[in-house]
Amino acid sequence: MSIPLLQVYKVARYLAGQKLRGVKRYPLVLMLEPLFQCNLACAGCGKIDYPKEILQQRVSVADALRAVDECGAPIVSIPGGEPLIHKEMPQIIAGIVARKKFVYLCTNAILLAKHIDEYQPSPYLTFSIHLDGNRQRHDESVCQEGVYDKAVDAIRLARKKGFRVTINCTLFNGENPQEVAEFFDEAMTLGIEGITVSPGYSYSHAPRQDVFLGRAASKQLFREIFRRRPARRSGTSWSLNHSGLFLDFLAGNQSYQCTPWSNPTYNVFGWQRPCYLLSDEGYAPSFKSLMEDTDWDKYGVGKNPRCDNCMAHCGFEGTAVDDAFSHPLKALKVALMGPRVTGPMAPELPFLYGDGAAATVFAMPVADLKRAARDADGRGSASGRH
Ligand code: SF4
Ligand code: SF4
């Protein structure tokens with residue numbers, strides 16, 4: 001785990017406050033999308049296919065900071081689109097840092113060298129740079145040659161100027177665990193603080209549906225990757241920017257349900273129901289309305305077909321953090337030992353929907369799920385559901 005102690009302390013204090021007040025649903029990370037426009041067109045992106053007039057819209061400084069205040073989450077993640085295109089991004093960042101919120105500015109880094117002097121290093125500000133793998137893998141993932149080299153140059157520049165830097169890495173179908181492990185080794189030598197990693201979510205809007213991972217394939221892939229993790233004492237171990245229990249979930253050892261309210265999303269349309277990934281479910285006029293009027297029971301694994309392949313951190317990191325707070329000994333054990341990479345996996349959650357009016361309830365072990373997918377597509381891949 002590579003989350004800085006100051007952040008761990010402040011988030012723990014925030015969680016304790018929510019628990020003491022008996023709040024059932026609380027936000028942990030605000031996903032603030034200030035624009036959808038980007039200077040890349042990646043195959044797996046579900047954000048850039050809006051019409052031109054939408055892509056040209058921006059969340060203003062005032063609206064962005066109002067959303068931060070309304071939500072109250074201790075962490076703000078700024079994805080996009082490409083946030084560095086937004087001309088008022090430095091003011092938005094300065095306002096969030098002034099509120100002592102931890103802000104992760106997620107960027108493909110192409111414009112970072114040009115704009116870096118508009119930002120001040122702070123323990124509250126992290127540049128989270130998009131890097132999906134080694135040079136060949138990343139350039140293929142973003143559909144443009146030369147982007148990996150630009151991102152690596154930007155990481156070195158930002159570190160030299162004293163900024164906190166992490167990378168965010170999305171893993172897609174067909175990843176080679178050995179290559180991913182070697183990429184993590186290489187990334188750590190760049191002086192980054194940590195790696196955020198997530199299996200790609202199957203956006204119905206994304207131009208290529210064949211790239212996404214199914215749940216069973218994701219869990220097996222993460223086991224294979226974690227199996228290759230260097231020992232901590234080697235001094236080259238990976239710093240994964242997640243709670244230990246979320247990593248354990250990725251490795252198939254926790255039957256977590258999604259808690260979409262833990263990562264509420266605000267963008268040019270308002271508060272997006274229910275999460276960062278699903279964009280066709282409408283918008284709430286206020287954060288209060290999002291939390292109180294959304295039919296949360298409609299979403300999650302086994303409750304909604306569009307959620308069944310999702311293991312994204314925006315849905316499940318909040319669940320893992322809440323579990324760690326409720327079961328600190330379990331969390332400590334995983335933090336000390338790392339995710340388990342052998343033995344049976346935790347059962348899948350029951351599927352509560354079916355073809356007819358009456359819901360069908362069944363639970364399927366991961367191995368059977370993999371077999372079913374393999375049989376379905378005949379290619380040995382669990383992602384054949386798409
Ligand atoms: S860099 Fe990010 S926002 Fe831009 S196209 Fe790629 S995935 Fe989408
Ligand atoms: S499982 Fe949660 S985060 Fe994933 S798509 Fe469904 S509601 Fe969104």
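**Cavities, sheet and ligand shell: group meeting talk**

By class, the residues that line the largest cavity are 13 nonpolar, 2 polar and 1 charged. I should say at once that this is a predicted model.

How much space lies in that largest cavity? About 120 Å³. Of its 16 lining residues, those closest to the centre are Cys-258, Cys-275, Leu-277, Cys-307 and Cys-310. In total, the structure holds 4 cavities of 30 Å³ or more. For anyone new to this: rolling a probe the size of a water molecule over the atoms shows where empty space is left.

Now the sheet. It is open and has 9 strands, in the order 6-5-4-3-2-1-7-8-9, with mixed pairing. Strand 6, residues 194-199, and strand 9, residues 283-284, are the edge strands, and each pairs on one side only. As a reminder, strands of a sheet pair through backbone hydrogen bonds, either parallel or antiparallel. One pair to look at is strand 4, residues 125-130, with strand 5, residues 164-171: they run in the parallel sense and share 5 bridges. Within strand 5, Thr-166 is the bridge partner of Ser-128.

Two helices lie across strand 5 and strand 6. Helix 8, residues 177-188, does so while running at about 170 degrees to strand 5. Helix 9, residues 215-227, also lies across both strands, and runs at about 150 degrees to strand 6.

Last, the ligand. Which residues are around ligand 1? They are Cys-38, Leu-40, Ala-41, Cys-42, Cys-45, Ile-48, Gly-81, Asn-108 and His-130. That shell divides into 6 nonpolar and 3 polar residues, with no charged ones.

Definitions and conventions
Residues are numbered from 1 along each chain as its sequence is written. Chains are lettered from A and ligands numbered from 1 in the order in which they are written. This is a predicted model: local features need pLDDT of at least 70, side-chain atom pairs count only at pLDDT 80 or more; totals for chains, interfaces and linings use all residues. Side-chain values use heavy atoms; hydrogens and water are left out. Two strands pair if DSSP finds at least two bridges between them. Helices (H or I, at least four residues) and strands (E, at least two) are DSSP runs, numbered from the N terminus. Contact means heavy atoms within 4.5 Å. Axes are lines fitted to C-alpha atoms, for helices over the stretch in contact, and angles run from 0 to 180 degrees between N-to-C directions. A residue is near a molecule or strand if one of its heavy atoms lies within 4 Å of it. Ala, Val, Leu, Ile, Met, Phe, Trp, Tyr, Cys and Pro count as nonpolar, Asp, Glu, Lys and Arg as charged, and the others, Gly among them, as polar. On a 1 Å grid over the protein atoms alone, a cavity is a set of points where a 1.4 Å probe fits but cannot get out, and a pocket is an open set with protein on both sides within 12 Å along at least five of seven lines; lining residues have an atom within 4 Å of a point. Grid points are joined across faces, edges and corners, and a volume is the space filled by probe spheres set on the points.
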